[in-house]
Amino acid sequence: MDGIEHKFIEVNGLKLHVAEIGTGSPVVVFLHGFPEIWYTWRHQMVAVAKAGFRAIAPDYRGYGLSDPPPEPEKASFSDFIADLLALLDVLAISKVLCSFGYSRVNKDAGFEVLYRLLIFVFLVGKDFGAMVAYPFALLHPDRVSGVVTLGVPFMPPGPPKHHKSLPEGFYISRWREPGRAEADFGRLDVKTVVRNIYILFSRSEIPIASEDKEIMDLVEPSTPLPSWFTEEDLATYGALYEKSGFRTALQVPYRSLGEQSNGKDSDDVPQPKVEAPALFIMGEKDYVFKFPGMDEYIRTGQVKMFVPNLEIIILPDGTHFVQEQFPDQQTKNSKMEGIEHKFIGVNGLKLHIAEAGTGSSAVVFLHGFPEIWYTWRHQMIAVAKAGFRAIAPDYRGYGLSDPSAEPERTSFSDLTSDLLAVLDALAISKVCLVKSFGEPSNVKDPNDVPKVEAPALLIMGEKDYVFKFPGMEDYIRSGQVKMFVPNLEIIILPDGGHFVQEQFPDQVNQLILTFLNDNGKP
């Protein structure tokens with residue numbers, strides 16, 4: 001847990017404990033499940049901080065070191081979601097533009113440039129943390145850049161139905177019953193309760209007790225802990241649940257399941273569809289797969305009706321606690337394995353550079369708006385694996401890079417000059433440049449610019465709104481653009497939007513690699 005700091009932040013009348021590491025502007029907020037606390041994310045927090053992100057993991061109200069609500073039995077998912085929103089506000093974390101505008105620069109060329117400072121927020125939820133992350137993304141889509149969940153996928157709103165076809169001894173049914181779990185847990189010390197739950201939830205079968213037994217009776221005292229869960233880990237959890245108790249934990253999630261997450265009528269959310277990029281990681285041996293209908297819901301892709309941009313990854317030997325069982329593998333599944341980060345001083349500013357691969361041939365990825373280097377994560381890994389060196393800078397004033405002294409005077413010339421200085425600093429003499437797709441050169445007069453003689457590739461989505469710019473479709477489809485780029489190949493992806501590199505990463509990766517290989521390594 002090296003480098004993880006702790007603080008208390010007051011939100012909605014309560015002091016919440018927050019663990020934090022890293023200083024990057026892309027922020028990753030980790031939301032724990034039960035019987036977990038912030039500590040469950042210790043491995044991932046350190047990993048994403050080393051990758052240039054700012055990692056934040058709160059204890060919910062009534063969990064860990066956070067204050068309990070005045071009436072724990074009335075706590076709700078809506079409270080947790082409101083706390084998360086307030087927490088982001090207090091920490092000044094938002095996906096919304098901090099600075100946004102048009103500025104006329106380089107008047108001779110007539111260019112216009114958007115400038116802004118962005119902080120991107122990614123939510124990572126484990127177990128019932130998914131029931132906080134996804135409703136938050138639905139209610140506040142402007143605050144969320146992506147959602148990762150582990151162990152529990154997006155579930156449609158409404159009362160839970162799985163208990164109806166499971167025996168009376170189903171653990172959730174038992175724990176929803178007021179007083180039942182309290183009496184069961186009360187027979188044991190807190191540390192033993194946490195121990196038993198970790199053992200139960202690490203199995204591949206749903207915890208179900210017979211009529212003459214309670215849930216805690218399903219674990220023999222001699223049963224060993226999972227191999228990846230140490231006595232030190234157990235002691236940490238035990239001490240924190242000793243402080244907080246289980247009153248809030250039994251209310252949320254178990255006794256609050258099925259509530260409308262926004263505290264209003266379901267009609268207030270027009271459609272339960274999360275449009276943000278999403279990743280779902282689940283262990284093949286996770287007992288949640290045994291919930292009625294769950295296996296089919298996940299494996300057939302039914303869940304994608306609600307989360308269309310969802311990637312699903314099943315870890316073969318994983319249980320319900322993959323983030324603790326396979327911390328290295330779980331972190332790598334973020335699609336950023338092997339990407340390193342550095343800062344390079346150019347033209348009086350420190351620019352953030354993401355880099356992968358060590359090949360002698362360099363591919364430099366140039367993002368658009370509202371993107372940062374992160375938009376190229378898929379392509380960077382792909383070209384690095386193919387033997388190239390992938391480099392993706394944040395422009396001045398974007399992402400982690402320093403802003404210009406006067407952002408309103410920033411010009412394309414500045415960005416071009418920065419690129420040249422970056423290449424010089426990295427001792428790169430010749431590169432392949434990849435810019436955001438969907439926007440070919442908009443200069444229409446052949447006398448305005450010299451021809452680009454280098455091999456070139458334009459990839460564009462058929463449904464890209466840029467096609468609707470006056471004259472753009474004719475300019476591209478008729479090949480007029482080739483007057484300026486004679487060695488240009490044009491590829492239109494039938495269902496592609498403006499962000500094809502994120503929408504169809506594998507297809508775009510292959511197109512770029514084919515282009516690189518066909519045209520030789522510089």
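Buried here means under 20% relative accessible area. I needed that cut-off before looking at strand 3, where Val-27, Val-29 and Leu-31 on one side and Val-28 and Phe-30 on the other are all buried. The model I am reading is predicted.

**Entry 1. The chain as a whole**

I began with the totals. The protein chain has 16 helices and 17 strands. It runs to 522 residues, and 55% of them count as buried. I then looked at contact range: among contacts with a separation of 6 or more, 75% come from residues 24 or more positions apart.

**Entry 2. The sheet**

I traced an open sheet of 8 strands and wrote down the order as 1-2-4-3-7-8-9-10, with mixed pairing. Which strands stand at the edges? They are strand 1 (5–11) and strand 10, and each has a single partner strand, so one side of each is left without a neighbour in the sheet. From one strand to the next, the twist averages 20 degrees.

**Entry 3. Strand 3**

I went back to strand 3 and checked its cover. 5 of its 5 residues are buried. In a regular strand the side chains alternate between the two faces of the sheet. I therefore read the two sides separately, and found Val-27, Val-29 and Leu-31 on one and Val-28 and Phe-30 on the other, with both faces covered.

Next I looked up the partners. Strands of a sheet pair through backbone hydrogen bonds, either parallel or antiparallel. Strand 3 runs parallel to strand 4 (residues 54–58), with 3 bridges joining them. Strand 3 also runs parallel to strand 7, and that pair is joined by 5 bridges. I used Val-29 as a marker for both pairings: Val-29 stands opposite Ile-56 in strand 4, and opposite Leu-123 in strand 7.

**Entry 4. Helices on the sheet**

I looked for what lies over these strands. Helix 2 packs on the sheet and touches strand 1, strand 2, strand 3, strand 4 and strand 7. The direction of helix 2 makes about 110 degrees with that of strand 1. Helix 1 (residues 42–50) lies across strand 2 (14–21), strand 3 and strand 4. Helix 1 runs at about 55 degrees to strand 2.

**Entry 5. Helix 3**

I took helix 3 (residues 130–139) next and noted that 7 of its 10 residues are buried. Which residues of helix 3 are buried? I listed Ala-130, Val-132, Ala-133, Tyr-134, Pro-135, Phe-136 and Ala-137. These buried residues pack against one helix and several strands: helix 2 (77–90), strand 3 (27–31), strand 7 (121–126), strand 8 (146–150), strand 9 (278–283) and strand 10 (310–315).

**Entry 6. Helix 2 against helix 3**

Two packed helices are described by the angle between their axes and the distance between the axes. For helix 2 and helix 3 I wrote down an angle of about 65 degrees, with the axes 10 Å apart. The range from 65 to 115 degrees counts as roughly perpendicular, and helix 2 and helix 3 are therefore placed in that class. Helix 2 passes helix 3 in a right-handed crossing.

I then listed who makes the contact. Helix 2 supplies Phe-77, Phe-80, Ile-81, Leu-84, Leu-85 and Leu-88. Helix 3 supplies Met-131, Val-132, Pro-135, Phe-136 and Leu-139. Sorted by type, the contact residues are 11 nonpolar, no polar and no charged.

**Entry 7. Three single residues**

I looked up Asp-83, which is in helix 2. Is Asp-83 buried or exposed? Asp-83 is buried, because its relative accessible area is 3%. With neighbours within four places in sequence left aside, Asp-83 is in contact with Val-11, Asn-12, Leu-16 and Arg-61.

Asn-196 lies in helix 6 (residues 190–201). I noted 3% relative accessibility, so Asn-196 counts as buried. Beyond its neighbours within four places in sequence, Asn-196 is in contact with Leu-188, Met-216 and Val-219.

Lys-350 is in strand 12 (residues 349–356). Its relative accessibility is 52%, so Lys-350 counts as exposed. Leaving aside neighbours within four places in sequence, I found Lys-350 in contact with Ile-344, Gly-345, Ser-401 and Asp-402. For one of these I also noted a distance: Lys-350 and Asp-402 are 52 residues apart along the chain, and their C-alpha atoms are separated by 5.5 Å.

Key
Residues are numbered from 1 along each chain as its sequence is written. This is a predicted model: local features need pLDDT of at least 70, side-chain atom pairs count only at pLDDT 80 or more; totals for chains, interfaces and linings use all residues. Side-chain values use heavy atoms; hydrogens and water are left out. Buried means under 20% relative accessible area, exposed over 50%, partly exposed in between (1.4 Å probe, protein chains only). Helices (H or I, at least four residues) and strands (E, at least two) are DSSP runs, numbered from the N terminus. Contact means heavy atoms within 4.5 Å. Axes are lines fitted to C-alpha atoms, for helices over the stretch in contact, and angles run from 0 to 180 degrees between N-to-C directions. Angles under 35 degrees count as roughly parallel, over 145 as roughly antiparallel, 65 to 115 as roughly perpendicular and the rest as oblique. A crossing is left-handed if the near helix is turned anticlockwise from the far one by less than a right angle, and right-handed if clockwise. Ala, Val, Leu, Ile, Met, Phe, Trp, Tyr, Cys and Pro count as nonpolar, Asp, Glu, Lys and Arg as charged, and the others, Gly among them, as polar. Two strands pair if DSSP finds at least two bridges between them.
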